[in-house]
Amino acid sequence: TKNELYREVVEQTIDFVVEELKDENGGYYSSLDADSLDENGILKEGAYYVWTENELRTLVGEDFPLFQDYYNINSYGLWEEGNYVLIRDKSAEEIAEKHNISPSDLKTRMNLALKKLKKHRENRPKPRLDDKILASWNGLMLNGFVDAYRYLGDERYLDLAIENALFIEQELMKEDHSLFRNHKNGKSSINAFLEDYATIIEAYQNLYEVTFDQRWLYHAKNLLDYTKSHFLDKESKLFFFTSDEDLSLIRRSIETSDNVISASNSIMAKNLLKFHKLFPEENYGDMAAQMLKNVQQNFDKSAQSYANWLHLVLFEAQNFYEIAIVGSTFTEKASELYKEYLPNTVLSGTKKESKLSLLQNRYAENKTLIYVCQHGSCKLPLARTEEVLTQLR
């Protein structure tokens with residue numbers, strides 16, 4: 001949407017995660033406690049993050065009236081026991097106009113105030129860290145880095161993505177393409193669950209779409225094929241949450257309801273659809289369609305619990321496109337395309353040749369051509385991304 005507020009939220013969130021939760025080997029820890037010691041040495045929720053009005057007046061100084069409006073140091077921002085949380089509900093333009101300053105001046109002054117608060121906060125006891133590194137949450141984080149790079153174009157986010165992808169490859173992936181669930185103190189343990197495979201498959205495939213390094217795509221495919229062999233329930237055609245390598249369990253459950261994190265089966269179904277577009281010779285598409293059919297009776301009963309499945313419904317019912325870019329400037333053409341929101345596409349590219357069927361026999365001397373395809377059938381190639389976007393819309 002090009003809303004600058006959303007950009008700032010992404011940038012600040014990534015800065016926080018990298019500063020507070022990043023392990024030196026490129027993995028990401030699970031969480032920080034909500035509780036920490038207050039000034040009296042008592043463990044309290046939010047103690048590290050909240051402020052009294054007197055603290056803020058002292059630290060922010062002459063800009064406090066501006067800060068007070070910007071972060072709601074009032075009844076709205078009052079939490080408990082005289083402590084405030086910094087919370088915004090007005091645009092920067094609205095606050096700037098009220099105080100007769102420019103939005104850029106407001107931003108500069110608020111950033112300076114936050115730096116003062118952060119420096120002071122460093123003297124407080126920090127919240128305890130849960131330093132286990134979970135495969136699925138790192139898959140989600142990797143997806144976040146890829147999206148941030150894709151839409152904001154900051155190379156730093158691509159570097160973080162590749163570093164995290166390498167950590168998963170080196171520390172969580174076994175030679176037989178199975179995964180570990182947990183990594184802590186330099187050691188990996190526990191056989192991974194379906195959500196670990198689902199999120200990492202999705203993340204690696206998305207990383208391929210911004211790098212076109214087939215290493216990530218084939219890692220994802222190998223993980224996908226491993227889940228077919230070790231997680232698939234032949235009766236329901238859905239995936240168990242646990243592998244058949246873990247036979248000591250009383251029973252094997254099947255997760256289908258989307259919650260705070262999408263159901264592992266709904267992520268897998270979307271993965272299968274996309275891999276069907278890239279590897280049409282496999283039966284991935286039939287599997288995705290069957291999975292959808294097997295849960296669709298629940299949609300009208302509880303649509304909110306099947307939100308991610310309903311993406312798949314749209315992909316199946318509306319147009320879904322495979323985009324192939326071949327030629328010397330394929331990466332430049334791709335970056336122009338993937339900055340747009342194109343959820344109903346899968347992107348592949350190469351300079352000249354590739355093993356992927358979508359890219360074969362597409363090369364033309366001294367040209368970079370873009371093919372928009374559906375079910376493997378492609379329209380006439382285009383040279384300009386504007387034409388492609390028009391065709392997609």
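In the predicted model, three strands form an open sheet in the order β8-β9-β10, and their pairing is antiparallel. The edges of this sheet are occupied by β8 (133–134) and β10 (187–191), each of which pairs on one side only. Two bridges connect β8 with strand β9 (residues 180–184) in the antiparallel sense, and within this pairing I133 stands opposite H183 of β9. Helix α7 packs on the sheet and touches β8, β9 and β10. The direction of α7 makes about 100° with that of β9.

Helix α7 also takes part in a helix–helix contact. Two packed helices are described by the angle between their axes and the distance between the axes. For α7 (residues 155–172) and α9 (residues 214–230), the angle is about 40° and the axes are 12 Å apart. An angle of about 40° therefore makes α7 oblique to α9. The crossing of the two helices is left-handed. On the α7 side the contact is made by I162, A165, L166 and E169, and on the α9 side by R215, W216 and H219.

A second open sheet contains four strands in the order β12-β11-β13-β14, and its pairing is mixed. Strands β12 (345–350) and β14 (377–378) stand at the edges with a single partner strand each, so one side of each lacks a neighbour in the sheet. The mixed character of the sheet can be followed from strand to strand. Strands β11 and β12 pair in the parallel sense over six bridges, with E322 opposite V346 of β12. By contrast, β11 and β13 run antiparallel and are joined by five bridges; here V372 of β13 is the bridge partner of I323. Strand β13 (residues 369–374) is in turn joined to β14 by two bridges, and these strands run antiparallel. The bridge partner of Q374 in β14 is S377.

The parallel pair β11 and β12 belongs to a β-α-β unit. Together with helix α13 (residues 330–338), the two strands make a unit of right-handed sense.

Strand β11 (residues 321–326) is largely enclosed by the rest of the structure, because six of its six residues are buried. In a regular strand the side chains alternate between the two faces of the sheet. In β11, Y321, I323 and I325 point one way, whereas E322, A324 and V326 point the other way, and all of these residues are buried.

Burial is also found in the edge strand β12, where L347 is located. The relative accessible area of L347 is 3%, and this residue is therefore buried, as its value falls under 20%. When residues up to four places away in sequence are not counted, L347 touches Y208, E209, F212, I323, I325, A334, L337 and Y338. Among these contacts, I323 and I325 are residues of β11 that point one way from that strand. L347 and V18 are separated by 329 residues in sequence and by 28 Å in space, C-alpha to C-alpha.

A further buried position occurs in helix α1 (residues 4–21), which contains E8. The relative accessible area of E8 is 18%, so this residue also counts as buried under the 20% limit. With residues up to four places away in sequence not counted, E8 touches R88 and K107.

Notes. Residues are numbered from 1 along each chain as its sequence is written. This is a predicted model: local features need pLDDT of at least 70, side-chain atom pairs count only at pLDDT 80 or more; totals for chains, interfaces and linings use all residues. Side-chain values use heavy atoms; hydrogens and water are left out. Two strands pair if DSSP finds at least two bridges between them. Buried means under 20% relative accessible area, exposed over 50%, partly exposed in between (1.4 Å probe, protein chains only). Contact means heavy atoms within 4.5 Å. A crossover is right-handed if, with the strands pointing away from the viewer, the path from the first strand over the helix to the second runs clockwise. Axes are lines fitted to C-alpha atoms, for helices over the stretch in contact, and angles run from 0 to 180 degrees between N-to-C directions. Angles under 35 degrees count as roughly parallel, over 145 as roughly antiparallel, 65 to 115 as roughly perpendicular and the rest as oblique. A crossing is left-handed if the near helix is turned anticlockwise from the far one by less than a right angle, and right-handed if clockwise.
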